[in-house]
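Please walk through this structure with me, beginning with a strand pairing and moving on to the sheets and the pocket.

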Amino acid sequence: MLEPTATLAIQHATFLFGARPHRRRNTMTDSAVLDAPGIATNGLVHLTAHEGTVEVWSAGERIATSSNVIELHEVDVPTRLYFPRGDVDLTRLRRVENTTFCPFKGVASDYWALADGADASPVAWSYPEPISAFAPIGGHIAFYDSLEIRPVGDGPGAKA
């Protein structure tokens, strides 16, 4: 039995495209991913392990560093890097209220702004319990482009 968010994604795909999605295997996780026209078809949305170490910086302060980053590739949006929660310095972030829904990944209900500013605009988010096909990003934290995200060993301004 599918979890409610996965069922909703299938209903959404059926409504939009008139066909029930079939299942295919994700090479990174060996778990089934939704596959329907416009929904993760031919790798339009997929996960890969990032090679190397990546850091996230804001105003000269490191917020995260990890060599266990997961890349999420989604058509028409920038590749997002998901950091294990334990590799993020949460003292540099503060929780803000926000919830969004993605038909691919599910409900993102954990959002953070920079801890040292009055601006409550989110700079990071997480899917605590994503749709099972994207379980590897569960609890991982992704960052908006407003922060500097770069591979370790590259100079300032380099993008991961």
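Strand β4, residues 54-58, pairs with β5 in the antiparallel sense, and five bridges hold the pairing. Two of the partners can be named: Val54 is bridged to Ser66 of β5, and Glu55 has Thr65 of β5 as its bridge partner. The two strands, β4 and β5, make a hairpin with two residues between them. Ala59 lies in that turn and has a positive phi of about 50°.

This is a predicted model, and confidence should be kept in mind when reading it. The average pLDDT of the chain is 77, and 69% of the residues score at least 70. Over residues 1-41 the pLDDT is below 50, although in the model this stretch has 72 contacts beyond near neighbours in sequence.

The hairpin belongs to an open sheet of three strands, in the order β5-β4-β14, with antiparallel pairing. The edges are β5 (61-66) and β14 (148-151); each has a single partner strand, so one side of each is left without a neighbour in the sheet. From one strand to the next, the twist in this sheet averages 20°. As a rule for reading such strands, side chains in a regular strand alternate between the two faces of the sheet.

There is also an open sheet of seven strands, with the order β3-β6-β7-β13-β12-β11-β8 and antiparallel pairing. Here the edge strands are β3 (45-49) and β8 (93-96), each of which pairs on one side only. The twist in the seven-stranded sheet averages 30° from one strand to the next. At the β8 end, four bridges join β8 to strand β11 (residues 110-114), and the two run antiparallel. Within this pairing, Val96 stands opposite Tyr111 of β11.

The remaining topic is the pocket. What is the volume of the largest pocket? The value is about 230 Å³. Its lining consists of 15 residues, and the closest to the centre are Glu74, Tyr82, Lys105, Trp125 and Tyr127. The elements that contribute two or more residues to the lining are β6 (70-74), β7 (80-83) and β9 (100-102). Of these, β9 supplies the largest share, three residues. By residue class, the lining of the largest pocket divides into eleven nonpolar, one polar and three charged residues. Two of the strands named for the lining, β6 and β7, also appear in the order of the seven-stranded sheet.

Conventions
Residues are numbered from 1 along each chain as its sequence is written. This is a predicted model: local features need pLDDT of at least 70, side-chain atom pairs count only at pLDDT 80 or more; totals for chains, interfaces and linings use all residues. Side-chain values use heavy atoms; hydrogens and water are left out. pLDDT is the predictor's confidence in each residue, from 0 to 100. Contact means heavy atoms within 4.5 Å. Two strands pair if DSSP finds at least two bridges between them. Axes are lines fitted to C-alpha atoms, for helices over the stretch in contact, and angles run from 0 to 180 degrees between N-to-C directions. On a 1 Å grid over the protein atoms alone, a cavity is a set of points where a 1.4 Å probe fits but cannot get out, and a pocket is an open set with protein on both sides within 12 Å along at least five of seven lines; lining residues have an atom within 4 Å of a point. Grid points are joined across faces, edges and corners, and a volume is the space filled by probe spheres set on the points. Ala, Val, Leu, Ile, Met, Phe, Trp, Tyr, Cys and Pro count as nonpolar, Asp, Glu, Lys and Arg as charged, and the others, Gly among them, as polar.
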